[in-house]
Amino acid sequence: MMKANASAKNQVRKGCILTVDLNSQTFSLKRSKDRLIKFTIYALMMALILTGGAPSFADEKNNTDQGPGIKLTPSADINWEDAPVIDGTSGIVIDAGSGEILYAKNAYERRDPASITKIVTALVVLETLDMDQKVTVPLNADETGTNIKLKKGEVLTVRQLIYATLLESANDAADTLAITISGSVENFAQKMNERAARCGAKDTNFSNASGLNTYGSAAHVTTAYDIAMISREAMNNKDFRKIVATEEYTIPATELSKERIMKNTNLCLYEEKKTVKVNGKERPFKYEGATGIKTGYTSTAGNCFCGSAVRGDTELIAVSLNSTSKEQRFADVMALWDYGFSKYYTYVAAKGKENLDELRVWQGEKSHVAVGLSEDLDITLNKDHKGGGITVETVKNDGILKAPVEKGQSLGYLIAYNEDGDPVSFAKLVAMEGIEKGGILSYIGIADENILTFIIGVVIFLIILMIIRIMMVRYRRKKKKRRKAERERHMRRKEWQKEKNPFGN
């Protein structure tokens, strides 16, 4: 017996398995170590489950915007059979929300836009300069075209010059702003073309900031379609929208000039007394719900007007280029508005600037990022369609999303479907908040915000394991005692029987 114990001790020293025979039960140090490792793994996994995460060691790139890759079905039945006859050489009306074209006439024909050019000029300025920034006029006003007689050295704010550009259609104000930003009108025109392209313009090229182009030039052209797309983008700028809807604006007197009072050239905003014939009927110029935008005229461009009007959630942008008179350009746009509002409306499939869903973020300070839309997801429907059956679906970009995530970052798409399940529109899903990189635990799926929960979860789980372990040890001890007692009783019984019958008979 002593020899066996010595052998067992030698095995322990050599790192082998220690085996002790207790009523045919074999226990080993190796098994105990395996159990401890398993318990630790289980504890970690339980904590990860409690924090809503799981380890990710894949070396995958962040989500990238690859587009939804779907073919859209028209959301409305668009036909122009009953469209009005307009006087302008080119014209268009679109749903400003969805961008859907509701009517077009020579909409892709390149034409001189005259002062409608100033829509882009103002948009670039508003996105570049502070409205309260002071500007020193670089040169005296050119007496050609509309101006507010700016004088060299006169100091005005960007706000005052923008109002003069859009309400009074002042060429000198537009040129002053262009030179302030780019050093020259020519350099500024490059910025205009870049911005127009980002708006969706396809056939536009501007060579100046004012649109003054008395003799015409192939270098300064756009289309009715491009003007509509540019205006749609510009109207998303709250300052631009406010300015083009303003009826009158006053620039206080300066050291070099007296007070200037400017009246918006867009009669659809306010003119109730004067009338114009629209679709054969005399009616006031003032149009219910008119919100902007800009008029224009040169001898080569003719009379032009790009106007916007809203009814409920529906806003229409209409353009007429090269009408025969100042009155007729308004009549054209009013007729297009009437036509659009009578046949179609904008259905809001999902609201913008609201949290629509959450996406999992790896290796971040937070485990999820809220996603939504920058703007409403609008679709155009026929008047007799009440929007029933329109559904939306969130589609996440491929790949694992890893921190950091920037606010406004494109993370997927929200797709709208009609009642037949066909996709009719989509909009980019963007991060509604920024997520910074997390600490070391974030690399195994535990965001910084969940560390406390993780620690509490591990502690609770370990306590449960300890309690289970203690209960098991106690149970084994009791079982061992029972077996020992049974063995002792058995031994006593055998001894008693042996004493009773020593000869085994």
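These exercises work through salt bridges, one serine and one sheet in a predicted model.

Residues are numbered from 1 along each chain as its sequence is written. In this predicted model, local features need pLDDT of at least 70 and side-chain atom pairs count only at pLDDT 80 or more, while totals for chains, interfaces and linings use all residues, and side-chain values use heavy atoms, with hydrogens and water left out.

**Exercise 1. Find which parts of the chain the Glu315 and Arg241 pair ties together.**

Step 1. Set the criterion. A salt bridge is a side-chain nitrogen of Lys or Arg within 4 Å of a carboxyl oxygen of Asp or Glu. The structure holds 12 of them.

Step 2. Check the pair. The side chains of Glu315 and Arg241 form a salt bridge, at 2.7 Å from N to O.

Step 3. Place both residues. Glu315 is in strand β11 (residues 314-323) and Arg241 is in helix α8 (residues 238-244), so the bridge ties together parts 74 residues apart in sequence. Helices (H or I, at least four residues) and strands (E, at least two) are DSSP runs, numbered from the N terminus.

Step 4. Grade the accessibility. Buried means under 20% relative accessible area, exposed over 50%, and partly exposed in between (1.4 Å probe, protein chains only). Glu315 has 12% and is buried. Arg241 has 29% and is partly exposed.

**Exercise 2. Place the salt bridge between Lys263 and Glu247, and state how exposed each partner is.**

Step 1. The N to O distance for Lys263 and Glu247 is 2.8 Å.

Step 2. Lys263 belongs to strand β6 (residues 260-263), and Glu247 to the loop between α8 and β5 (248-251), so parts 16 residues apart in sequence are tied together.

Step 3. Lys263 is partly exposed at 34%. Glu247 is partly exposed too, at 36%.

**Exercise 3. Do the same for Asp376 and Lys351.**

Step 1. Their closest N and O atoms are 4.0 Å apart in this salt bridge.

Step 2. Asp376 sits in the loop between β14 (368-372) and β15 (377-382), and Lys351 in the loop between β12 (344-350) and β13 (357-360). The two are 25 residues apart.

Step 3. Asp376 is partly exposed at 31%. Lys351 is partly exposed at 40%.

**Exercise 4. Describe the surroundings of Ser210.**

Step 1. Ser210 is in the loop between α6 (185-199) and α7 (224-234).

Step 2. Is Ser210 buried or exposed? With a relative accessible area of 4%, Ser210 is buried.

Step 3. The side chain of Ser210 reaches the backbone nitrogen of Leu212 at 3.1 Å.

Step 4. List the contacts (heavy atoms within 4.5 Å). Leaving out residues up to four places away in sequence, Ser210 touches Ala114, Ser115, Thr117, Lys118, Asn171, Ala174 and Asp175.

**Exercise 5. Work out the strand order of the open sheet, then find its edges.**

Step 1. Two strands pair if DSSP finds at least two bridges between them. The 5 strands run in the order β2-β1-β11-β10-β9, with antiparallel pairing.

Step 2. The edge strands are β2 (101-105) and β9 (290-298); each has a single partner strand, so one side of each lacks a neighbour in the sheet.

Step 3. Look at one pairing. Strand β1 (residues 90-95) pairs with β11 in the antiparallel sense over 6 bridges. Ser90 has Leu321 in β11 as its bridge partner.

Step 4. Add the helix. Helix α9 (residues 326-343) packs on the sheet and touches β1, β2, β9, β10 (302-311) and β11. Its direction makes about 145° with that of β11. Axes are lines fitted to C-alpha atoms, for helices over the stretch in contact, and angles run from 0 to 180 degrees between N-to-C directions.

Key:
A polar contact is a pair of N or O atoms within 3.5 Å; within protein, one must be able to donate a hydrogen and the other to accept it, and residues adjacent in sequence count only if both atoms are side-chain atoms.
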